[in-house]
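Welcome! Here are some short exercises to work through with the sequence and the model side by side.

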Amino acid sequence: MAATVSFSVPSPHGPRTVTMSYARVGTGEPLLLLHGIGHHRQAWDPVVGILAAEHDVIAVDLPGFGASPALPGGLRHDLATVVPALHALCETLGVERPHVAGNSLGGLLALELGREKLVRSVTALSPAGFWSQAERRYAFGLLSAMRHAARRMPPPLVERLSLTPAGRAVLTSTIYARPGRRSPEAVVAETAALAGATGFAETLRAGVDVRFTDDVPGLPVTVAWGTRDRILLRRQGVRAKQIIPRARLVRLPGCGHVPMNDDPALVARVILDGSRSD
């Protein structure tokens with residue numbers, strides 16, 4: 001069941017209150033799940049049930065996405081703000097050094113949490129930040145086009161398209177290799193989430209100069225990449241391995257940019273294996 005929590009974070013203009021939405025299920029060591037830009041915590045729904053058998057799973061709507069409002073004035077939607085906000089969220093929920101798994105933007109945030117030693121293991125699925133400038137421009141162009149289309153498309157049209165595999169491919173084939181597997185209800189909800197994401201523009205703007213260039217020593221790191229990722233091309237996984245040489249690099253055959261829907265069993269196994277290696 002979804003819940004919200006508010007907590008204070010510092011800013012140049014004094015403390016600001018941040019509110020975030022999350023869903024929590026399962027028992028065991030805590031596992032924080034972080035989605036990508038324009039998505040919402042329901043991106044993890046295909047794997048949550050499997051993960052909850054071993055973990056206290058906390059799936060978060062990042063600030064300005066899903067049911068979480070944008071950050072208040074004085075706070076930027078950048079790594080320097082969102083990483084401490086996620087740490088403050090965990091403290092507020094009574095969670096100390098969770099495992100973390102993230103996809104795309106969430107993968108970058110997960111790696112930053114690992115670099116700051118705020119988590120006990122990291123699994124990053126197609127994480128942002130290992131791109132060349134040309135690859136970043138390409139990815140941001142695709143994401144901006146998806147956002148533009150979602151905002152212009154009337155909800156009744158989205159609902160009609162969602163009813164057929166071909167229609168779901170029109171709506172989501174950029175992020176899923178197997179869009180027909182996504183339920184109509186999920187496609188409608190995530191299209192609405194993309195259209196209504198109040199933090200999208202600022203988050204994308206903050207990512208222009210982002211490059212992940214530091215190792216993440218001292219804890220287990222898994223980097224996994226879908227072989228059919230159309231947004232962050234899989235060769236970026238090789239760069240990630242070069243930058244984080246002790247990371248386990250995993251290939252996700254037949255998976256797209258958001259692999260949890262394309263092969264839930266494989267993705268869940270990768271996350272569980274990563275969390276068991278600490």
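**Exercise 1.** How are helix 4 and helix 7 oriented to each other: roughly parallel or roughly perpendicular?

*Solution.* This is a predicted model, in which local features need pLDDT of at least 70, side-chain atom pairs count only at pLDDT 80 or more, and totals for chains, interfaces and linings use all residues. Residues are numbered from 1 along each chain as its sequence is written, and side-chain values use heavy atoms, leaving out hydrogens and water.

Step 1: find helix 4 at residues 133-152 and helix 7 at residues 184-195. Step 2: their packing angle is about 105°, and the axes are 8 Å apart. Step 3: helix 4 and helix 7 are therefore roughly perpendicular (65 to 115 degrees).

**Exercise 2.** Which residues of helix 4 and helix 7 meet?

*Solution.* From helix 4 come Met146, Arg147, Ala150 and Arg151; from helix 7 come Thr191, Leu194 and Ala195. Sorted by kind, this contact has four nonpolar residues, one polar and two charged.

**Exercise 3.** How many aromatic pairs does the structure hold?

*Solution.* There are two aromatic pairs (ring centres within 6.5 Å).

Step 1: phenylalanine 130 and phenylalanine 212 have ring centres 5.5 Å apart and planes at 50°, so this pair is tilted (planes neither under 30 degrees apart nor over 60). Both phenylalanine 130 and phenylalanine 212 are buried (under 20% relative accessible area, 1.4 Å probe, protein chains only).

Step 2: tryptophan 131 and phenylalanine 140 also have centres 5.5 Å apart, but with planes at 90°, so this pair is edge-to-face (over 60 degrees). Tryptophan 131 and phenylalanine 140 are buried too.

Definitions and conventions:
Axes fitted to C-alpha atoms, helices over the stretch in contact; angles between N-to-C directions. Helix = DSSP H or I, 4+ residues; strand = E, 2+ residues; numbered from the N terminus. Parallel < 35°, antiparallel > 145°, perpendicular 65-115°, else oblique. Contact = heavy atoms within 4.5 Å. Nonpolar A, V, L, I, M, F, W, Y, C, P; charged D, E, K, R; others polar. Phe/Tyr/Trp six-rings, centres within 6.5 Å; stacked < 30°, edge-to-face > 60°. Buried < 20%, exposed > 50% of the residue type's maximum accessible area, 1.4 Å probe, protein only.
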